[in-house]
Protein chains: 2
Amino acid sequence: MKRPTIADIAARAGVSTGAVSYALNGQPGVSESTRRRVLAIAEEIGWNPNRAARALSGAPTNSIGLVLRRPARVLGVEPFFMELISGVEAELSARSFALTLHVVRDPESEIAVYRRWWGERRVDGVLVCDLRIDDPRVPALEDLGLAAVVVGPDEGAGTLASAWSDDGAAVVEAVEYLATLGHRSIARVGGLPDLQHTGVRTAAFTDVCRRLGLADPVTIPTDYTGEGGAHATRRLISSRKRPTAILYDNDIMAIAGLAVAGEMGLAVPRDISLVAWDDSVLCQLVRPPMTAMSRDISAYGARAARLLLDVIAGNPVVSIRDEPAHLIPRGSTGPPRPDAGAGRG
Amino acid sequence: MKRPTIADIAARAGVSTGAVSYALNGQPGVSESTRRRVLAIAEEIGWNPNRAARALSGAPTNSIGLVLRRPARVLGVEPFFMELISGVEAELSARSFALTLHVVRDPESEIAVYRRWWGERRVDGVLVCDLRIDDPRVPALEDLGLAAVVVGPDEGAGTLASAWSDDGAAVVEAVEYLATLGHRSIARVGGLPDLQHTGVRTAAFTDVCRRLGLADPVTIPTDYTGEGGAHATRRLISSRKRPTAILYDNDIMAIAGLAVAGEMGLAVPRDISLVAWDDSVLCQLVRPPMTAMSRDISAYGARAARLLLDVIAGNPVVSIRDEPAHLIPRGSTGPPRPDAGAGRG
DNA sequence: CTGAAAGCGCTTACAG
DNA sequence: CTGAAAGCGCTTACAG
């Protein structure tokens, strides 16, 4: 099939291509009757604007970019990203924006992709995930002047807009819940330690444990994988001061931890309580079902996408703070046994 | 920052923009020394080709599209798609191709997106997933002449190229394994029944059960969700002719089935054996770990992407048949108890 | 080997 | 309200 152009429409309608352009774009400069005629013809011959031609005349490309830098096997198993993408998509498709996705290996390639996209005029803006401490992407994006929204806490986002929730408040909720159940020794299996939001959670965890007078707040850093979670759980369970409750930074690790507890002869929650972060259906599929910090990830994605579209439209930059994750109690948490914890025996 | 153009390079090098273009694209028409000078300047000023301008001159857009039509919550929890995307990406980024992703609700929108992409010249080709019986997308794509590769069995793919594995062979392997363990009554919890690959599996399942003289091969169709899998499992376990083994069409449903079996007082694998399809890490995180049909999904994605690039390049259309999934035995399968199965009691 | 020019399909001041 | 024309940044025959 040959792609119809505005020249075809102009010929049929007996007007200039300029008039057709005005009519199609709802600009003043054509009579109502001409506009209607043009619109009808465009519809009839199945015309679609050639993006390249529009972009060459300075129009936005109507697409945004997302670069992910987690290993493929983590991406596959982490429901987080796909849920985020679903939410982003819901917002974009309503406005006929496209999402361009790229998976890279290292931070340098990530910046190189931004530069290339900017140079190629391939995207109007980007969503930035997994912000790190002193992330070099922030100044790079600021230099380029590429519209960008950080999906994460605004700490370290520089002049870029950001959309996230208060992870610190969520950590506090989880710890206070466990403390109320009677736990005095709570450990945490954390995500990648150089991520900004991991830092936020770790700081909040340390603070609230101190404030509540709990045992030394231990956080074991991991890479978010099931193996990482299993390994950390093994270490915690076999440590001299075994905690009575563990808070995990995602749900894959929590479920791995549940299996490890079973292997090591501990009953959940009688001997140890486990709390997952992120509440994908997995948490309800295991036995006992996992108590989890639940949040609407696809809503985050939608919110971030909307913010990015605002930034692209030139609206003033504001950062959005979404609702924090909230605790859904299920079977994996309960009061500690009076004699539980190797530190007390 | 202002984007540098070939005019900038031409001015610096003291040649015409045409010469710059030839030099940059490795075309004949410029001397070696000029080429080197041009390349050096382009590198120095950080030039990137403006995609829009190139596309307007008929160049490919160097991007491919993928439209997904599963509900957002399924996408999030199904490791399949993200793994597929990882594999596609691995192949694309090596050649500087971009992936444009779109999530839609119904088949009509899916075709509308193809039409729009084609009209806009937004992508050079598309990857088509979840092919259905008499899928209207196939003739639509054939009409448009948009390069396309079906990720799935070639049944129903028409003149489009396809890349998939022999799901039938895999089903046979699973059933023969269970039969060898002594199972005579095997049921299946299938995926969406109107998907082509579900049909292939169902046909193979029916055939092999008949060939081995097993009990009536029952397949319960589902929507691939954990709830769907749980519901189907409940039905099978409480049916008068309770099977001694169940084969699931994905791993989420298998894990849901494992939980249901436990709730209903059945021990796995003593009372019932369960086999998952797709072997994400989830299968190893539950207890007992799940026997699963394992396949390298990201390799499928890479293979399909490579094939699509071939099609875009105008190479002859060939369909690829990858290695079938193969069985990884774990703790969720074993011999049936002599008295197991309500049909025998 | 090189330059000048047309053209891709749009948008948008600029004249009428 | 409308038309003729320039321009976006490339590519590519066409002359020299």
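**Two chains, their interface and some local details**

Visitor: Where is the place of D130(A)?
Guide: D130(A) is in the loop between β3 (125-128) and α8 (137-144) of chain A. Helices (H or I, at least four residues) and strands (E, at least two) are DSSP runs, numbered from the N terminus.

Visitor: What is the phi of D130(A)?
Guide: The phi of D130(A) is positive, about 55°, although the residue is not a glycine.

Visitor: On what basis are these values given?
Guide: This is a predicted model, in which local features need pLDDT of at least 70 and side-chain atom pairs count only at pLDDT 80 or more, while totals for chains, interfaces and linings use all residues. Residues are numbered from 1 along each chain as its sequence is written, chains are lettered from A and ligands numbered from 1 in the order in which they are written, and side-chain values use heavy atoms, with hydrogens and water left out.

Visitor: And what pLDDT does chain A average?
Guide: Chain A averages 90, and 97% of the residues score at least 70; pLDDT is the predictor's confidence in each residue, from 0 to 100. Over residues 341-345 of chain A, however, the pLDDT is below 50, and this stretch has nine contacts in the model beyond near neighbours in sequence. A contact means heavy atoms within 4.5 Å. Where pLDDT is low, the predicted coordinates should not be read in detail.

Visitor: Turning to the interface, how many residues does each chain bring to the contact?
Guide: Chain A and chain B each bring 55 residues. Together they bury about 5000 Å², of which 63% is on carbon and sulfur atoms. R3(A), M82(A) and W118(A) supply 14% of the area that chain A buries against chain B, more than any other three residues. Buried area is the accessible area (1.4 Å probe) that two parts lose on being put together, summed over both.

Visitor: How many salt bridges are found across that interface?
Guide: The rule finds four between chain A and chain B, a salt bridge being a side-chain nitrogen of Lys or Arg within 4 Å of a carboxyl oxygen of Asp or Glu. R51(B) forms a salt bridge with E120(A), with the closest N and O atoms 3.2 Å apart.

Visitor: Which element gives the largest share of chain A's side?
Guide: Helix α6 (residues 79-94) of chain A does, with eight residues.

Visitor: Any strands involved?
Guide: Strand β2 (residues 98-103) of chain A pairs with strand β2 (residues 98-103) of chain B in the antiparallel sense, over three bridges. Two strands pair if DSSP finds at least two bridges between them. T100(A) has T100(B) as its bridge partner in β2(B).

Visitor: How many salt bridges are there over all chains?
Guide: The count comes to 46 over all chains. Within chain A, the side chains of R12(A) and E44(A) meet in a salt bridge (3.3 Å, N to O). This pair links distant parts of the chain, 32 residues apart: R12(A) lies in helix α1 (residues 6-13) and E44(A) in helix α3 (residues 32-45).

Visitor: Which residues do cis peptide bonds join?
Guide: One cis peptide bond joins R287(A) and P288(A), with omega about -5°; P288(A) is in the loop between α13 (282-285) and β10 (291-294) of chain A. Another joins V268(B) and P269(B), with omega about 5°.
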